[in-house]
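Thank you for sharing this entry for comment. My remarks are set out as numbered points, to be read alongside the coordinates.

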Amino acid sequence: MAKKISGRGQRDLRVKVKTARGRKLSSTLWLERQLNDPYVQRAKREGYRGRAAFKILELDDKYRFLVPGARVVDLGCAPGGWLQVAVKRVNALGEKQGKRVGTVLGVDLQEVEPVAGSEAHVLDFMEDDADVKVKNWLGGQADVVMSDMAASASGHKQTDHLRIMALCEAAAYFAFDVLDEGGTFVAKVLAGGAEAELQQLLKKKFNKVANVKPGASRADSSEKFVVATGFRG
């Protein structure tokens with residue numbers, strides 16, 4: 001690993017990673033990108049479990065759905081970065097005096113290291129009774145259902161696009177079952193054409209539907225986020 005020095009004597013902070021024996025080029029490029037990603041570095045400094053935390057922070061700064069007292073469900077919550085953000089913003093720990101105390105619930109197919117102020121359950125949200133279980137754990141309806149899920153990559157762009165759109169649509173139908181009137185649905189999608197049906201579906205159920213690419217999303221990624229507010233019930 002080497003750092004390049006500029007001609008003016010100033011250190012160029014970009015880290016170059018040499019290809020090691022046994023390491024694929026794709027792995028080397030991924031490692032180099034991680035080491036040079038300012039959001040990865042910032043996540044480490046601020047104690048978040050991943051750079052994705054800044055995506056939900058940006059979205060909430062703009063649309064203000066993680067308010068004190070809100071009941072939040074995070075689908076596919078591993079590794080827990082979105083849970084960390086939600087706990088702070090909805091005042092799940094009761095740290096903000098005089099503010100309502102929220103509830104944060106995460107579900108995932110795998111166990112997640114606990115995040116103080118939240119609950120994480122091992123659950124397939126597509127099970128027949130998943131919505132009933134979640135509402136029982138919440139003690140009622142949710143104000144926010146959010147998802148940063150992505151289907152396993154196949155390496156085929158069109159296939160991956162269809163898979164993540166199918167996953168997002170399933171998350172939307174889950175949200176219809178658990179959201180309270182006026183609630184918000186936030187989910188990751190991939191630009192590619194197949195999202196038109198989802199957009200139409202959401203527009204029938206919510207007052208406003210926006211499509212946003214947060215600054216924390218990598219420029220070379222086709223991901224964006226749909227933010228649907230004002231659930232009609």
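The points below go from the overall make-up of the chain to one helix, one strand residue, the cysteines and a pocket.

1. The model is predicted, and the remarks here should be read with that in mind. The chain has seven helices and nine strands, and 45% of its 233 residues count as buried. Among contacts between residues at least 6 apart in sequence, 60% join residues at least 24 apart.

2. Helix α4, which spans residues 81-89, has seven of its nine residues buried, so this helix is largely enclosed by the rest of the structure. The buried residues of α4 are G81, W82, L83, Q84, V85, A86 and V87, and what covers them includes helix α3 (53-63) together with the strands β3 (71-75), β4 (103-108), β5 (118-122), β6 (142-147) and β9 (223-231). N91, which follows α4, has a positive phi, near 65 degrees.

3. Strand β9, which is among the elements that cover the buried residues of α4, also holds E223. With a relative accessible area of 7%, E223 falls under the 20% cut-off and is therefore buried. The side chain of E223 is joined to that of K55 by a polar contact of 2.8 Å. Leaving aside residues up to four places away in sequence, E223 touches K55, K188, V189, L190, K213 and S217, and a reader checking the surroundings of this buried glutamate may wish to display those residues together.

4. How many disulfides does the chain have? The count comes to zero when a disulfide is taken as a pair of cysteine sulfur atoms within 2.5 Å. Two cysteines can nevertheless be described by their exposure: C77 counts as buried because its relative accessibility is 3%, under the 20% cut-off, and C168, at 4% relative accessibility, likewise counts as buried.

5. Which residues line the second largest pocket? The lining is made up of G76, V107, D108, L109, L123, D124, F125, M126, M149, A150 and L167, and the volume of this pocket is about 220 Å³. By class, the lining residues divide into eight nonpolar, one polar and two charged. Glycine is counted as polar and aspartate as charged, so the polar residue is G76 and the two charged residues are D108 and D124.

How values were computed:
Residues are numbered from 1 along each chain as its sequence is written. This is a predicted model: local features need pLDDT of at least 70, side-chain atom pairs count only at pLDDT 80 or more; totals for chains, interfaces and linings use all residues. Side-chain values use heavy atoms; hydrogens and water are left out. On a 1 Å grid over the protein atoms alone, a cavity is a set of points where a 1.4 Å probe fits but cannot get out, and a pocket is an open set with protein on both sides within 12 Å along at least five of seven lines; lining residues have an atom within 4 Å of a point. Grid points are joined across faces, edges and corners, and a volume is the space filled by probe spheres set on the points. Buried means under 20% relative accessible area, exposed over 50%, partly exposed in between (1.4 Å probe, protein chains only). Helices (H or I, at least four residues) and strands (E, at least two) are DSSP runs, numbered from the N terminus. Contact means heavy atoms within 4.5 Å. A polar contact is a pair of N or O atoms within 3.5 Å; within protein, one must be able to donate a hydrogen and the other to accept it, and residues adjacent in sequence count only if both atoms are side-chain atoms.
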